[in-house]
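Subject: Structure handover

Hello,

Here is the structure we talked about. Please open it alongside this note; what I found in it follows below.

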Amino acid sequence: MANAAPTTSADSGNAAFTVAPIAGAVGAEISGIDLRASLDAATIAALRRAFLTHLVLFFRDQPMSDAELVQFGQDFGQLAAIPPHRRLPGGDPHILVVEKKPEDRLNFGSEWHSDTTYLESPTLGSILLAKEVPPVGGDTLFANQYLAYETLSDGMKAMLTGLRAVHTDGRTKRKMQLGFVPPTDAMGEDSQFKTVETTHPVVRTHPETKRQALFVNMIQTERFDGMTIEESRPILRYLYAHSTRPEFTCRFRWRSGSVAFWDNRCLQHWALNDYPDHRRRMHRVQIMGDKPV
Ligand code: SIN
């Protein structure tokens, strides 16, 4: 099944909420909940179920402070720390500001990817809160990687089984050196970073749902383990195109106070760069994840 049919409300908790899918493949909008309130265990469990079913949850009108955003993130796991020089002065060590200024040409996350796959244990999920958005544009796209895997032919699935891929932040580093990516907008965590490289299975099993998902992305996957870049490229290119087919996606239009909470283990996303001369500013926290298997 792609995205589950509309559900009505959480079964328990102090703030029964509604879940409305926004597309056929992925994504649901949650309403009837105030994320600034401290959530009880039943509500957190119900949100987690919705998260595992819909892969990305959207919330409107949640003008959270940084402390409230951190608290909400911590309801779902331990948060990743941001390198000191990338923190807001005196700010919380878990908040990363994702900003494109009116004069900037480039933005953060403008290609299909999952976050931090160059790490041995990539982040489980990310929570993004919109602080300032352009009048139009700056939407984020999401693509369901369970569907990407499930719709491959049996032959391709068999070929990918057991294959591992090398993930690196080196491409971002090279782009930064060439001036295509501003140092502060790196996909990696900082402008002084050393290249980090790791290998992951090309098809990973989600640790909670036990479903299989395609786990390669055009920003961080360099090649198949044991093969050259040239040998890997044709198949990887096919997988990148296949895994982001329009029917696997949803598109979220932000408003100030909107929140997206997505699962990096079975999703890719793309932050569109179509709002020249406007500011877009978001605050992000990331939940630590485990080693893909
Ligand atoms: C990201 O890649 O985490 C940023 C997504 C966005 O700004 O919409």
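A polar contact here is a pair of N or O atoms within 3.5 Å. Thr-140 fits that: an N or O atom of its side chain is 2.6 Å from an oxygen atom of the ligand. Bear in mind that this is a predicted model.

The ligand site

Two further side chains reach ligand oxygen. A polar side-chain atom of Arg-280 lies 2.8 Å from an oxygen atom of the ligand. For His-113, the corresponding distance to a ligand oxygen is 3.0 Å. The residues surrounding the ligand also include Phe-108, Gly-109, Asp-115 and Leu-128. Trp-262, His-269, Ala-271 and Arg-284 are on that list too.

Strand β5

Leu-128 leads us to β5. This strand covers residues 125–132, and 6 of its 8 residues are buried. It pairs with β13 (residues 259–263) through 5 bridges, antiparallel. It also pairs with β15 (residues 280–287), again antiparallel, over 7 bridges. Leu-128 takes part in both pairings. Its bridge partner in β13 is Ala-260. Its bridge partner in β15 is Arg-284. Leu-128 and Arg-284 are thus bridge partners, and both are among the residues around the ligand.

The three-stranded sheet

Thr-140 brings in another strand, β6, which spans residues 140–144. What is the strand order in its sheet? The order is β12-β6-β14, in an open sheet of 3 strands with antiparallel pairing. β12 (249–252) and β14 (267–271) are the edge strands, each pairing on one side only. From one strand to the next, the twist averages 20°. Between β6 and β12 there are 4 bridges. Within that pair, Phe-142 has Cys-250 as its bridge partner.

The nonpolar cores

Phe-142 turns up again inside the protein. It is one of the residues with the most contacts in the largest nonpolar core, which has 44 residues. Val-56, Leu-160, Val-202, Leu-214, Val-216 and Leu-239 are named with it. Helix α3 (residues 145–150) gives this core its largest share, 4 residues. Which residues does Leu-160 contact, leaving aside its neighbours within four places in sequence? They are Leu-152, Val-202, Val-203, Leu-214 and Leu-239. There is also a second, separate core of 29 residues. Ala-28, Ile-30, Leu-39 and Ile-95 are among its members. In soluble globular proteins, nonpolar side chains tend to be buried together.

Best wishes

How values were computed
Residues are numbered from 1 along each chain as its sequence is written. This is a predicted model: local features need pLDDT of at least 70, side-chain atom pairs count only at pLDDT 80 or more; totals for chains, interfaces and linings use all residues. Side-chain values use heavy atoms; hydrogens and water are left out. Two strands pair if DSSP finds at least two bridges between them. Helices (H or I, at least four residues) and strands (E, at least two) are DSSP runs, numbered from the N terminus. Axes are lines fitted to C-alpha atoms, for helices over the stretch in contact, and angles run from 0 to 180 degrees between N-to-C directions. A nonpolar core is a set of buried Ala, Val, Leu, Ile, Met, Phe, Trp, Tyr and Cys residues joined through side-chain atoms within 4.5 Å. Buried means under 20% relative accessible area, exposed over 50%, partly exposed in between (1.4 Å probe, protein chains only). Contact means heavy atoms within 4.5 Å. A residue is near a molecule or strand if one of its heavy atoms lies within 4 Å of it. A polar contact is a pair of N or O atoms within 3.5 Å; within protein, one must be able to donate a hydrogen and the other to accept it, and residues adjacent in sequence count only if both atoms are side-chain atoms.
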